[in-house]
Amino acid sequence: MEILIAFTIIWILWLISSKRYRKFLVQPLAVMVVGFVVITSPAFVNLLTWGLTVAVPSDPGDRVDTIVVLGRGSKLRSDRLNEVWQLWQDQRAANIFASGMMDAKPMVRYLQDNGVPNSHVAGEECSQTTEENGLFTSAILRQQGTKKILLVTDPSHMWRSLLVFRSVGFKVIPHFATSDFQQQTISKHLFILAREYLALADYALTGKFRQRSPSELDKPSSEITQKIHEWNCQTGQV
């Protein structure tokens, strides 16, 4: 309705304006309104989402060592964890690992409250970025023999997460938490997508996708191990 009103106002301005005002006021205004309509359309959002997901391989349904779920805030938590719980029920892996500051502990607690044994669910709450999700998860899980993971996050976040987790030594099967993304408004979608494209460019330019050497993977940096110890951010152990 708001768009229809905007176009009506532009049409009225076009009818009552002189050629000079049409050129310097009405036409630019019309272009801005059309641009806004295009950018906020579901088709444009779908196109941007496709750009972030087209290169992501499909989930073949293989069994893995551990299901790794990334936190994305409390609003998305329950639906995402219901999906993870179902994957665990389907025996995709014996263990679940949650990653993310402010998210790991409540995610672990939720899964335990919903029937996942304490010995099969753990997490880390040190990480504040996607790169740290990968680094801290690797520092903990690789020491326990985990090599192949099922990575669960939303579609917009998956490509960056996949590249990061591959770079820290995991064989990764991606699994979209699609219900998370479907709940968002168009404006929220656009904000998330724009942020993700910028983050992808930043990670690529600053070398965050570089493949870590075997020595780096076998012996995590003192900064990582010290932070895990000092912050006491490991929740449980699988």
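**Exercise 1.** Which residue lies over the face of Tyr-203, and at what distance from the ring centre?

*Solution.* The model under study is predicted.
Step 1. A charge counts as over a ring if NZ of Lys or CZ of Arg is within 6 Å of the ring centre and within 35 degrees of the ring normal.
Step 2. Arg-160 is the residue over the face of Tyr-203, 5.0 Å from the ring centre.
Step 3. A second case involves Trp-231, whose face has Lys-227 over it at 4.3 Å from the ring centre.

**Exercise 2.** Classify the pair formed by the rings of Tyr-203 and Phe-209, and state whether Tyr-203 is buried or exposed.

*Solution.*
Step 1. The whole structure contains two aromatic pairs. For Tyr-203 and Phe-209, the ring centres are 5.7 Å apart and the planes stand at 50°.
Step 2. Planes under 30 degrees apart count as stacked and those over 60 as edge-to-face, the rest being tilted. The pair of Tyr-203 and Phe-209 is therefore tilted, with its planes at 50°.
Step 3. Tyr-203 has a relative accessible area of 6%. Buried means under 20%, so Tyr-203 is buried.

**Exercise 3.** Describe the lining of the second largest pocket.

*Solution.*
Step 1. The volume of this pocket is about 320 Å³, and 16 residues line it.
Step 2. Two or more lining residues come from each of α6 (130-141), α10 (214-218) and α11 (222-230). The largest share, five residues, belongs to α6.
Step 3. Nearest the pocket centre lie Leu-135, Arg-212, Pro-220, Ser-221 and Ile-224.
Step 4. By class, the lining comprises seven nonpolar, two polar and seven charged residues.

How values were computed
Residues numbered from 1 in each chain as written. Predicted model: local features only at pLDDT ≥ 70, side-chain atom pairs only at ≥ 80, totals over all residues. Heavy atoms only, no water. 1 Å grid on protein atoms, 1.4 Å probe; cavity = no way out; pocket = protein on both sides within 12 Å on 5 of 7 lines; lining within 4 Å. Points joined across faces, edges and corners; volume = space filled by probe spheres on them. Helix = DSSP H or I, 4+ residues; strand = E, 2+ residues; numbered from the N terminus. Nonpolar A, V, L, I, M, F, W, Y, C, P; charged D, E, K, R; others polar. Phe/Tyr/Trp six-rings, centres within 6.5 Å; stacked < 30°, edge-to-face > 60°. Buried < 20%, exposed > 50% of the residue type's maximum accessible area, 1.4 Å probe, protein only.
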